[in-house]
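Here is a short tour of a structure, meant to be read with the model in view. Keep both chains on screen as you go.

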Amino acid sequence: MKSCLISARIFALIFVVSLCFAQNQPETEKPARDTSHDYSELTKAPEKARVRANPFQNDPDAVVAGQFLFENHCAECHGDSGVGGKKGPSLRATEVQDATPGTLFWLLTSGVARKGMPVWSKLPEAQRWQLVRYLKSLGPKKDINTEKP
Amino acid sequence: MPRLSRLFATALFLVFCSHLLPRAVRAQENPYIVTYDQFLEEPRNLEIEYFSTYGTQRGGNDFHAFWLEFEYGATAWWTTEFYLDAQTTFHDSTVSTGFRWENRFRPLKREHFINPVLYVEYEHVNGADKILKEIEGHDVESDFLTPNAEARREINNELELKLILGSNFKGWNISENFLFVKNLAGEPWEFGYAVGASRPLALKASAKRCNFCPQNFVAGVEMYGGLGDTSSFGLNETSQYLAPVLVWNMPSGWTLRASPTFGLNGNSHQFMIRWGIAKEISGFGDMVKKVFRDRS
């Protein structure tokens with residue numbers, strides 16, 4: 001029992017030290033080019049959710065507040081300005097920018113667990129609407145993951 | 001080096017290492033210490049948590065129990081977690097009390113009014129375990145009177161199942177846990193529960209970057225206790241606790257929790273103070289991949 005616990009601790013320490021060193025190495029890889037992003041979940045929003053209006057649509061602070069929320073919770077997967085990352089698709093794609101605010105709110109709330117998108121209902125409803133307001137403010141931009149080399 | 005110091009050193013070292021990691025993700029945690037909500041760790045993120053419980057003990061020595069948690073989001077629907085537990089009983093000794101491995105699964109694809117999560121845990125703990133991470137069966141205060149040297153000779157291998165139900169309603173999180181524990185040595189099933197309610201101090205995010213904005217604080221209350229076992233189900237000879245809880249989710253990725261806890265009957269510890277500190281590390285899984293890829 002004692003040796004088991006000590007081994008577990010040593011293993012944990014080695015693991016974290018390895019990660020620290022690994023992280024300090026310069027990143028030389030380019031993001032993986034993945035052209036298979038699937039936006040079909042957006043089409044699954046129920047009509048009732050799709051037509052909901054954003055209560056923060058006319059709130060001038062909502063974009064800035066939404067940006068801070070995005071940086072804290074979303075940028076890790078979707079890239080710093082929503083252009084897409086290793087894990088998440090671009091949020092500036094036409095499919096997202098053309099979606100209604102209600103659809104984006106529904107997707108944030110429900111997540112797409114089987115495809116790696118967590119449920120974000122842990123954020124209060126007001127914050128999810130602020131996020132949607134920010135996403136819609138980004139406007140379309142060509143997805144870096146689909147650009148030709 | 002005493003075990004307590006070693007464990008503290010480990011915790012501090014992990015905290016130090018977390019500073020070297022690049023992107024801090026601001027966790028958005030509920031404040032519960034015992035109750036689980038329906039939310040899982042984000043995929044491939046690792047949360048390192050240190051928790052501490054100071055408890056009063058009638059007829060014996062007060063204690064300080066502490067544990068480390070490594071919580072990893074394996075997928076968006078599966079979170080796995082490893083615990084190392086220890087405790088100091090004042091005027092007695094400091095002992096390691098075992099380890100736990102838990103897994104939580106979210107079976108439903110979409111968000112519903114009530115969201116179930118299934119929880120499975122294996123525990124290998126000894127009789128000196130005092131972390132009170134869950135209360136089950138007929139766990140009572142007097143169980144903690146046994147001296148550490150004697151208590152740690154009792155080894156328990158337990159299977160713990162929980163049904164976690166969580167709802168969000170008008171900014172409130174309401175969570176209910178139903179606990180079923182089986183000692184694999186053939187003892188009867190034991191039962192317990194935990195319920196919690198919490199709400200951020202502000203629902204709308206501020207348009208300023210700030211540490212002390214009210215939306216970074218979530219306050220609530222949780223209640224938990226035993227419900228007997230298969231031969232005597234109910235509240236008789238069980239301990240029950242009520243605890244206000246508060247969490248501070250800092251933009252830097254740190255999370256601080258605190259909870260003064262009050263025993264509700266004569267079988268419960270009269271008072272405990274519980275607190276925890278956590279740091280979420282973004283993209284841990286990707287970093288691990290990179291380590292092994294670079295070596296190959």
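The report below takes chain A and then chain B.

## Chain A: confidence and core

This is a predicted model. Chain A has a mean pLDDT of 79, and 70% of its residues reach 70 or more. Over residues 18-34 of chain A the pLDDT is below 50. That stretch still has 20 contacts in the model beyond near neighbours in sequence. Over residues 143-149 of chain A the pLDDT is also below 50, with 14 such contacts. Where pLDDT is low, predicted coordinates should not be read in detail.

Next comes the largest nonpolar core, which holds 34 residues. The members that touch the most other members are A:L69, A:L104, A:F105, A:L108, A:L131, A:V132 and A:L135. Three elements of chain A give two or more residues to this core: α3 (62-73), α6 (101-110) and α7 (125-138). The largest share comes from α7(A), with 6 residues. In soluble globular proteins, nonpolar side chains tend to be buried together.

Look at A:F105. Leaving out residues up to four places away in sequence, A:F105 touches A:R52, A:R128, A:W129 and A:V132.

Now turn to helix α3(A). It has 12 residues and reaches 16 Å from its first C-alpha to its last. That is close to the 16 Å expected at 1.5 Å a residue. The helix is mostly covered, with 9 of its 12 residues buried. Among the buried ones are A:F68, A:L69 and A:F70. The buried residues of α3(A) pack against α4 (75-78) and α7 of chain A.

## Chain B: overall build

Chain B contains 3 helices and 13 strands. Its radius of gyration is 19 Å, close to the 19 Å that the globule rule gives for 296 residues, so chain B is as compact as a globular protein of that length. The C-alpha trace of chain B spans about 50 × 45 × 35 Å along its principal axes. Of the 296 residues, 47% count as buried. Among contacts in chain B between residues at least 6 apart in sequence, 64% join residues at least 24 apart.

A second, separate core has 28 residues, including B:Y32, B:L68, B:V218 and B:V247.

## Strand β11 and its partners

Strand β11 of chain B covers residues 240-249. Its side chains alternate. B:Y241, B:A243, B:V245, B:V247 and B:N249 point to one face and are buried. B:Q240, B:L242, B:P244, B:L246 and B:W248 point to the other face and are not buried. The table shows the two strands that pair with β11(B).

| Partner strand | Sense | Bridges | Facing residues |
|---|---|---|---|
| β9(B), residues 217-229 | antiparallel | 9 bridges | B:G220 and B:V245 |
| β12(B), residues 254-263 | antiparallel | 6 bridges | B:L256 and B:W248 |

β11(B) and β12(B) form a hairpin with 4 residues between them. In the turn, B:G253 has a positive phi of about 100 degrees.

## A residue in a loop

Is B:I131 buried or exposed? B:I131 lies in the loop between β5 (115-126) and α2 (148-151) of chain B. B:I131 counts as buried because it has 22 C-beta neighbours inside 10 Å, and the cut-off is 20 or more. Leaving aside neighbours within four places in sequence, B:I131 is in contact with B:T53, B:A65, B:W67, B:D85 and B:Q87. B:I131 and B:F51 are 80 residues apart in sequence and 9.0 Å apart in space, C-alpha to C-alpha.

Terms used. Residues numbered from 1 in each chain as written. Chains lettered and ligands numbered in written order. Core = buried A, V, L, I, M, F, W, Y, C linked by C-beta atoms within 7 Å. Contact = placed C-beta atoms within 7 Å. pLDDT = per-residue confidence, 0-100. Rg over C-alpha atoms; globule rule 2.2 N^0.38 Å. Pairing = 2+ DSSP bridges. Expected span 1.5 Å × (residues − 1).
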